[in-house]
Amino acid sequence: HLPLDGQCDPANIAMALAKGARQRGATIIENVKVTKVHTRNGRVSGVSWAQGEDQGTIETDIIVNCAGMWARELGRQNGVTIPLHACEHFYLVTEPIPGLSRLPVLRVPDECAYYKEDAGKMMLGAFEPVAKPWGMDGIREDFCFDQLPEDMDHFEPILEMGVNRMPMLGTAGIHTFFNGPESFTPDDRYYLGEAPELSGYWMATGYNSIGIVSSGGAGMALAQWINDGEAPFDLWEVDIRRAQPFQKNRRYLKERVSETLGLLYADHFPYRQMATSRGVRRSPLHEHLKARGAVFGEVAGWERANWFAREGQEREYRYSWKRQNWFENQREEHLAVRNGVGLFDMTSFGKIRVEGRDACAFLQRLCANDMDVAPGRIVYTQMLNAKGGIESDLTVTRLSETAYFLVVPGATLQRDLAWLRKHVAEEFVVITDVTAAEAVICVMGPEARKLIQKVSPNDFSNEVNPFGTFQEIEIGMGLARAHRVTYVGELGWELY
Ligand SMILES: Cc1cc2nc3c(=O)[nH]c(=O)nc-3n(C[C@H](O)[C@H](O)[C@H](O)COP(=O)(O)OP(=O)(O)OC[C@H]3O[C@@H](n4cnc5c(N)ncnc54)[C@H](O)[C@@H]3O)c2cc1C
């Protein structure tokens, strides 16, 4: 147990927060359904509500979707991505146990269980490894924190371990067997922030069973974020802009949340990979890499070759807090790139085209480096906020007078797109996500030139293709763009 752990009553917390808000001038109206969020000129302009027969519209340019497990559907009405899905969450409460006094909260992660003493009764709750998703066909309009049917078979393994851990559970009668739904997200972290799709559409949702404990801090952070226009501290872990639009897919979500509920208590091993909902986005090279022993990891839905197994070696991660089972494989790969040449697939990069009459002026305003370079040049730069903090780290290639090609990490693509779109003022620019349009193969290491010259008739000398430039090249019977950049400290090209 954690000595500074607290225990609280969720209803009283809600009442206390509401009281505090009222004291600061907030008006709280209960039992009102939001029926529609209105928009004007690409931003929120109001909400329509219904309460029995009554209905109306409130004009506002800011709303916060905090509709719990209903949030995904509410967001969908406005094309806002909120990937979450309900799961059943189980606990039981015993009859009063004579002599039971105040006890600290006990968590036994290895047994997926938590124990709380509550008013002389003992409570046992579970975060089991394979959870039960709920509400696949939508959540009933009149469902309001009701109980779901109990499922003793599902809870039994946890209870058995519980009785072993705390024998009094074996003799105390069970007063309540509770099964209630709660929303879970694909990465077990909640969502705060403004929807990238719609200005003024904020959210605080997807709480993965830690909504009570997080409520005060999350509320404070979000309020400051809305008020100041920027997050009060680094909130990237819970930022809605990490969500990928494809993650709204309900089959994906259903499968994934059956895993994420249990992750609340499972070991968070370094390099741990999700086991469910895999294989959603694959590069054109996927099967070639697989045939050569690739062991894949997932980023933003993309399957990426993280390391290559040797002939006959098990193609699995064996998670450890110590040296990883792929240490030697990676050592070889690292040395190959350092001393010879390596080829790696970076198709998962986010790729954005910024085009139009004002593309240069627009990027010049957003990026820290000089963007008004000759076509053919590649510039490494950051997009900064008003305080000089880094919002995005990227390379920008000037394809022509009016077209730029931006390359960002796969995991930050939605955030970067949102930052770009939010900052278009009067400029004439078109911003297009072309991630899926081009594969990227990196050829890097001191021998990179030797290798690339074997497959292409073009000139890759420093004179023709110096660092920070690209050229169109021929490979086989096709065309590619060879970008002379590197992130391995050695000679290199990205081939698009
Ligand atoms: C069995 C169980 C045990 C738990 N134990 C803990 C714990 O020990 N500690 C902890 O921190 N958390 C715990 N949780 C999780 C916690 O209860 C939730 O994370 C938290 O309640 C989520 O709060 P929320 O405000 O995001 O969503 P909710 O509490 O679900 O509230 C969402 C509200 O939005 C309303 N709504 C939906 N659609 C609309 C609409 N169109 N218009 C108007 N209103 C709408 C709903 O009616 C609802 O009142 C537990 C959850 C369960 C089920």
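These are my notebook entries on a predicted model of a protein with a bound ligand.

**Entry 1: the whole chain**

I began with the overall figures for this predicted model. The protein has 496 residues, and buried residues make up 45% of them. I looked up the secondary structure next and found 11 helices and 24 strands. Along its principal axes the C-alpha trace spans about 85 × 60 × 40 Å. The protein exposes about 26,100 Å², and carbon and sulfur atoms supply 53% of that area. I also checked how far along the chain the contacting residues lie from one another: of the contacts with a separation of 6 or more, 60% are between residues 24 or more positions apart.

**Entry 2: domains**

The division I worked with gives domain 1 (10–82 + 187–253), domain 2 (85–184) and domain 3 (269–339). I took the pair formed by domain 1 and domain 2 and noted that their centres, taken over C-alpha atoms, are separated by 28 Å. Where the two meet, 13 residues of domain 1 are in contact with 14 residues of domain 2.

**Entry 3: the ligand and its shell**

I then turned to the ligand, which has 21 residues around it, and I noted that Val34, Glu182, Gly211, Ile212 and Val213 come nearest. For the polar atoms I recorded three distances. A backbone N or O atom of Ile212 lies 2.9 Å from an oxygen atom of the ligand, a polar backbone atom of Ser209 is 3.1 Å from a nitrogen atom of the ligand, and an N or O atom in the side chain of Lys116 is 3.2 Å from an oxygen atom of the ligand. On its own the ligand has 1,000 Å² of accessible area, of which the protein covers 70%.

Which elements give two or more residues to this shell? I found β1 (33–40), β5 (85–94), β10 (174–184) and α5 (211–228), and β10 gives the most, with four residues. By class, I noted 13 nonpolar, five polar and three charged residues in the shell. The shell also draws on both of the domains from the previous entry, with at least three residues from each of domain 1 and domain 2.

**Entry 4: helix α10 and Arg415**

Is helix α10 (residues 413–422) largely enclosed or largely open? I recorded it as largely enclosed by the rest of the structure, because eight of its 10 residues are buried. These are Leu413, Gln414, Arg415, Asp416, Leu417, Ala418, Trp419 and Leu420. They pack against several elements, including β16 (350–355), α9 (359–366), β17 (378–384) and β20 (430–433).

I followed Arg415 of this helix further. Its relative accessible area is 13%, so I counted Arg415 as buried, the cut-off being under 20%. The side chain of Arg415 makes a polar contact with the side chain of Glu391 at 3.0 Å. Leaving aside neighbours within four places in sequence, Arg415 is in contact with Trp236, Asp239, Arg241 and Glu391.

**Entry 5: Thr260 and Asp188**

Thr260 lies in helix α6 (residues 250–263), and I counted this residue as buried because its relative accessibility is 0%. Beyond its neighbours within four places in sequence, Thr260 is in contact with Phe184, Thr185, Pro186, Asp187, Asp188 and Met274.

Asp188, one of those contacts, led me to the loop between β10 and β11 (191–194), where this residue lies. Asp188 has a positive phi of about 70° although it is not a glycine. Most residues other than glycine have a negative phi, so I marked this one for a second look at the backbone. At 13% relative accessibility, Asp188 counts as buried.

**Entry 6: Tyr271 and His288**

I found a positive phi of about 70° at Tyr271 too, again not a glycine, in the loop between α6 and α7. Is Tyr271 buried or partly exposed? At 47% relative accessibility I entered Tyr271 as partly exposed.

His288 is found in helix α7 (residues 286–291). With 49% relative accessibility, His288 counts as partly exposed, since exposed would require over 50%. Lastly I looked up His288 against Tyr115, which is 173 residues apart from it along the chain, and the two C-alpha atoms are separated by 49 Å.

Key. Residues are numbered from 1 along each chain as its sequence is written. This is a predicted model: local features need pLDDT of at least 70, side-chain atom pairs count only at pLDDT 80 or more; totals for chains, interfaces and linings use all residues. Side-chain values use heavy atoms; hydrogens and water are left out. A residue is near a molecule or strand if one of its heavy atoms lies within 4 Å of it. A polar contact is a pair of N or O atoms within 3.5 Å; within protein, one must be able to donate a hydrogen and the other to accept it, and residues adjacent in sequence count only if both atoms are side-chain atoms. Accessible areas come from the Shrake-Rupley method with a 1.4 Å probe; for residues, only the protein chains shown count as cover. Ala, Val, Leu, Ile, Met, Phe, Trp, Tyr, Cys and Pro count as nonpolar, Asp, Glu, Lys and Arg as charged, and the others, Gly among them, as polar. Domain bounds come from an automatic or database domain assignment. Buried means under 20% relative accessible area, exposed over 50%, partly exposed in between (1.4 Å probe, protein chains only). Contact means heavy atoms within 4.5 Å.
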